[in-house]
Amino acid sequence: MRHFLSILIVSLVTTFAYSQEEKPLILGTASMISDMATNIFGDKANVQNIVPIGGDPHMFEPTPKSAQTVNKANLVLMNGLTFEGWLMELVENSGTKAKVITTTEGVDVISSVDYANSSDPHAWMNAANAVIYSDNIRKAAIELLPEHTDYFNANFEKYKAELEALDQYIIDQINSIPEQQRVLITSHDAFQYYGRKYGIRLESAMGTSTEADAQTSDIMQLNKTIKETGVPAIFVESTINPKLIEQVATDNNIIIGGELFADSLGDEESGADTYIKMMRQNTDKIANALKQEKKAPEAISAEESSFDAMTTGILGIIVLLLLAFFALRRKR
Ligand SMILES: [Zn+2]
């Protein structure tokens with residue numbers, strides 16, 4: 001009975017506190033995490049992200065406004081695995097009382113291919129890992145608002161089914177690419193988890209972080225891979241300057257398969273403004289571009305030379321007609 005009474009009092013106090021103010025504020029560091037949190041919290045919280053849409057979470061520089069927002073937060077959801085090097089200082093400076101949760105807790109971590117003793121942060125690129133992120137968010141939600149436990153559990157089950165369908169969709173799409181052409185070349189190493197899960201080989205121009213400058217040796221390696229595999233397309237990323245990848249595409253006479261979303265969701269017009277839509281759109285772009293046959297250089301030069309022959313022919317006829325015209329005029 002005493003136990004029951006104390007639960008009653010706690011929930012009355014909580015209800016009173018939240019109905020007096022707005023809904024609790026939940027902050028995801030990056031937009032993918034906030035979107036997962038929105039699916040779990042539903043209408044019981046106000047969910048926002050610290051790094052704006054289109055921003056680069058590796059390189060984020062917090063503003064005084066970010067500190068104010070963090071100060072008001074009731075819960076902060078981070079990726080961890082060295083993704084948000086700026087976060088702990090921001091949390092300390094903000095003076096927030098919010099608990100900080102690592103949403104990747106329990107995922108099978110891949111170590112960085114570029115830095116020794118460092119982990120690759122891009123675990124959300126495997127849709128099965130998104131179930132683990134969401135389960136960690138579910139636990140944090142229940143701890144924060146225990147009166148909505150059933151609601152959060154139900155939201156989690158529904159979202160989990162959607163994530164499992166997404167996972168199967170990606171498996172099917174990648175399997176539809178000819179095996180030799182399952183090579184994904186992008187700006188930075190954000191797709192290792194994706195590649196390992198779905199069976200696609202990865203090459204990148206810049207490494208795991210976006211900080212590092214591309215090395216000439218990396219570019220030479222990329223050119224070599226493109227020639228060896230005959231891969232028909234390479235990809236740019238929404239948060240990274242596309243110049244380097246565009247240059248590699250031009251040098252190798254292959255196409256840009258599209259803009260992929262890795263470290264941020266897209267805006268409302270992008271069709272990639274939720275985690276599930278982002279993963280589906282990436283997969284569609286990858287599968288459609290890599291399924292194509294590579295445009296053979298011979299075909300292009302043949303087209304060009306037939307165009308030249310036609311132009312020369314037409315010009316020749318015009319010159320002959322002009323000559324004939326002047327010759328006739330002179331006779332008169
Ligand atoms: Zn990244």
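This tour moves through a predicted model, stop by stop, naming what to select and what is found there.

**The whole chain**

Begin with the entire protein displayed as a cartoon. Its secondary structure consists of 11 helices and eight strands. Of its 332 residues, 46% count as buried. Turning on the surface shows an accessible area of about 17,800 Å², and 55% of that area belongs to carbon and sulfur atoms. Among contacts with a separation of 6 or more, those between residues 24 or more positions apart make up 67%.

**The zinc ion**

Next, select the zinc ion together with His 58, His 122, His 188 and Asp 263. Each histidine donates through NE2, while Asp 263 appears twice among the donors through OD atoms, and the distances to the ion run from 2.0 to 2.6 Å. Along the chain, the donors follow the spacing H-x63-H-x65-H-x74-D. His 122 and Asp 263 link distant parts of the chain, being 141 residues apart. His 122 sits in the loop between strand E4 (99–102) and helix H5 (127–144), and Asp 263 in the loop between strand E8 (255–260) and helix H10 (275–291). His 122 counts as buried because its relative accessibility is 0%. Asp 263, at 1%, is likewise classed as buried.

**Helix H10**

From Asp 263, proceed to helix H10 and select its 17 residues. At 1.5 Å a residue the helix should span 24 Å, and its end C-alpha atoms are indeed 24 Å apart, so the two values agree. Its buried residues include Tyr 275, Met 278, Met 279, Ile 286 and Leu 290. Asn 282 also belongs to this helix, and with a relative accessible area of 0% it is buried. Which residues does Asn 282 contact, leaving aside its neighbours within four places in sequence? They are Met 125, Phe 191, Leu 260 and Phe 261.

**Strand E1**

Select Gly 28, in strand E1 (residues 25–28). This glycine is buried, its relative accessible area being 0%. Beyond the residues up to four places away in sequence, Gly 28 touches Ile 33, Ser 34, Gln 48, Asn 49, Ile 50 and Leu 77. Add Val 76 to the selection: Gly 28 and Val 76 are 48 residues apart in sequence, yet their C-alpha atoms are 5.9 Å apart in space.

**Salt bridges**

The count of salt bridges in the model comes to 10. One of them joins Asp 43 to Lys 44, with the closest N and O atoms 3.4 Å apart. Asp 43 is partly exposed at 44%, and Lys 44 is partly exposed at 25%.

Move now to helix H5, where Arg 138 and Asp 135 are three residues apart and therefore separated by about one helical turn. Their side chains meet in a salt bridge of 2.7 Å, N to O. Arg 138 has a relative accessible area of 18% and is buried.

In helix H6 (residues 149–175), Glu 164 and Lys 160 are four residues apart, again about one helical turn. Their salt bridge has its closest N and O atoms 4.0 Å apart. Glu 164 is partly exposed, with 44% relative accessibility, as is Lys 160, with 27%.

**A nonpolar patch**

Finally, select Ile 314, Leu 315, Ile 318, Leu 322, Phe 325 and Phe 326. Together these residues form a nonpolar patch on the surface, with about 590 Å² of accessible area. Leu 322 lies in helix H11 (residues 297–331) and is partly exposed, at 44% relative accessibility.

Definitions and conventions
Residues are numbered from 1 along each chain as its sequence is written. This is a predicted model: local features need pLDDT of at least 70, side-chain atom pairs count only at pLDDT 80 or more; totals for chains, interfaces and linings use all residues. Side-chain values use heavy atoms; hydrogens and water are left out. Patches are made of residues with over 30% relative accessible area and no salt bridge: like charges are joined within 9 Å, nonpolar side chains (Val, Leu, Ile, Met, Phe, Trp, Tyr) within 5 Å. Accessible areas come from the Shrake-Rupley method with a 1.4 Å probe; for residues, only the protein chains shown count as cover. Helices (H or I, at least four residues) and strands (E, at least two) are DSSP runs, numbered from the N terminus. Buried means under 20% relative accessible area, exposed over 50%, partly exposed in between (1.4 Å probe, protein chains only). Donors are N, O and S atoms within 2.8 Å of the metal (3.2 Å for Na, K and Ca); water is not among the atoms, so sites may look incomplete. Contact means heavy atoms within 4.5 Å. The expected span of a helix is 1.5 Å times one less than its number of residues.
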